[in-house]
Amino acid sequence: ALAAAGDERAQALQSALAVAEEVKAALEAEASAAEKQLQEWEEAKAALEARTSAAGKQLEEREAALVTAVDERAAALQSTLAASEFAKAALEAKVSVAEKQLEEGEA
């Protein structure tokens with residue numbers, strides 16, 4: 001009975017570990033996509049700033065508004081990235097605990 005309970009617990013821990021690893025992989029993909037999008041926004045901002053320097057006052061005013069929007073979007077993406085990294089770290093900690101529990105269950 002104890003061995004069966006131990007096997008069930010080990011299976012449950014393995015299932016939980018598999019789910020945690022899937023979620024971790026999804027969060028890593030989300031973080032990667034957010035980093036890529038952030039880079040694209042920063043490149044767009046740099047391009048806008050370069051064009052602004054060669055444009056007249058009216059163009060500068062319009063593009064300054066775009067740069068502000070890009071800055072705001074970049075800040076939002078950085079927040080999203082930070083949240084994803086925090087969630088990833090939390091999942092990694094859970095995975096580590098699950099792995100320890102699994103090792104203890106197998107011992």
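**Exercise 1. Place glutamate 103: which helix holds it, and is it buried or exposed?**

Step 1: glutamate 103 sits in helix H2. Helices here are DSSP runs (H or I, at least four residues), numbered from the N terminus.

Step 2: now check the cover. Buried means under 20% relative accessible area, exposed over 50%, and partly exposed in between (1.4 Å probe, protein chains only). Glutamate 103 has 54% relative accessibility, so it counts as exposed.

A quick note on what you're looking at: this is a predicted model, where local features need pLDDT of at least 70, side-chain atom pairs count only at pLDDT 80 or more, and totals for chains, interfaces and linings use all residues. Residues are numbered from 1 along each chain as its sequence is written, and side-chain values use heavy atoms, with hydrogens and water left out.

**Exercise 2. Find out whether serine 84 is buried or exposed, and what it touches.**

Step 1: serine 84 belongs to helix H2, which covers residues 57-106.

Step 2: serine 84 counts as buried because its relative accessibility is 4%.

Step 3: look for contacts (heavy atoms within 4.5 Å). Leaving out residues up to four places away in sequence, serine 84 touches Leu27, Glu30 and Ala31.

**Exercise 3. Work out where glutamate 22 is, and how far it lies from threonine 80.**

Step 1: find glutamate 22 in helix H1, residues 2-54.

Step 2: with 57% relative accessibility, glutamate 22 counts as exposed.

Step 3: go from glutamate 22 to threonine 80. They're 58 residues apart in sequence and 19 Å apart in space, C-alpha to C-alpha.

Conventions:
Helices (H or I, at least four residues) and strands (E, at least two) are DSSP runs, numbered from the N terminus.
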